[in-house]
Amino acid sequence: MHLLEIGAIRNKPAAGLYLALTRRCPLSCAHCSTDSSSTSEQHPETPFRRLVESFDHETRPDLLLMSGGEALLRAALVADLARTARSVGSRSYVLSGMWFARESRRLPAPVSAAIREVDHFAASLDEFHEREVGRADVFRAMHRIRELVPQVSFQLTGRGDDDPYLQGLVDDVRREFDDQVPILVGTLSPIGRGRQLGGLTPTPSSGVPVAPVDPCDRITWPLVTYDGTVYACCNQDLVERRMPEHLILGHASHQSWPELREKFLRRELYRALRVLGPSFVAARFSDGPCDKGMCGNCLTLSGDAEAERKVTEYLRSDSGRQVEAAARRMVEQVDGTAFSDRRSGRYGGLVSLGWEEADREQPSYTS
């Protein structure tokens, strides 16, 4: 499954499901967005297994995305979840910080076995990761991993479009892999341990008092956090720090995927946040402040029952249904580069590297 195909379904609600399998990670990256360490908490596997085992052919997500911490510390779990998901037609993706590549080590057998089971492997690399695992070691391991898994990609992060480190890293990846490995570029943000670093600025947001429609793609794919709590929003930093009540979808320990998916797709508040955006919803339906940026405005809606009542009433009206339908068509009818164009600036087109029409996999995705 090529990165471009993942981008093509990024705006389809419930087409993907994120699993944060563990907060533990053997690396000590100074900017870690999840504040992970080798002694961080790790909860039982049961909720993750139970939830994926509840997938069925009709309602399963197209893609299961596994991360951490370092997801491959639970290599056997990754392999089992990928196999279970595939049995009903879902594909799988795992993101790694590549701890196992340090000092030219061979791939551990459990890690190799897990990677063989997934459909896409992504390696994270940036100036802080590189202090833990050398660039040459990561490249060496990625050549080996390309022999194990159908598709791979790099997730590179820098300080912005004009960051010379990022430009050099992008150039090295393109040269090393002959422009055959796609790259998703992101921007370092002051979240997790990154809050302790100087010089990082939050992702810009409009924050205007009277907000335009600005769809939120963070509420298109749910997130299962380390303890099994399921959030409608995949902004891991936000939901773990603030635990906003209105974004709690349920819990993997006692609810099935079909149940959670139904609630995720039906609840009017989630639909409004997806296609109209938190700033628009807060400005129009809440008496609270609406000048705190996209995520800040979303947090003001937590516990605001009157705002949700107004949203529900609006989306059930004729005009609300028409506006939602038009906005949803606009959001979902985008190509696979739109997601990266929004986050990666001038590097957005790098998600297409290595793409050939013949790479398109069958069967086609469900909506």
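Helix α9 is followed by Gly277, whose phi is positive, near 95°. Helices here are DSSP runs of H or I with at least four residues, strands are runs of E with at least two, and both are numbered from the N terminus. The model is predicted, so local features need pLDDT of at least 70 and side-chain atom pairs count only at pLDDT 80 or more, while totals for chains, interfaces and linings use all residues. Residues are numbered from 1 along each chain as its sequence is written, and side-chain values use heavy atoms, leaving out hydrogens and water.

Helix α9 covers residues 268-275, and eight of its eight residues are buried, so the rest of the structure largely encloses it. Buried means under 20% relative accessible area, exposed over 50%, and partly exposed in between, with a 1.4 Å probe and protein chains only. Among the buried residues of α9 are Glu268, Arg271 and Arg274, along with Leu269 and Tyr270. The buried residues pack against β9 (248-251) and against several helices, including α8 (257-266), α10 (278-285) and α13 (318-332); contact means heavy atoms within 4.5 Å.

Two residues that are not glycine also have a positive phi.

| Residue | Phi | Loop between | Relative accessibility |
|---|---|---|---|
| Ala14 | about 65° | α1 (3-8) and β1 (16-20) | 4%, buried |
| Asp179 | about 60° | α6 (164-176) and β6 (183-187) | 28%, partly exposed |

A further backbone feature is the peptide bond from Gly68 to Gly69, which is cis with omega near 20°. Gly69 lies in the loop between β2 (63-67) and α3 (75-86).
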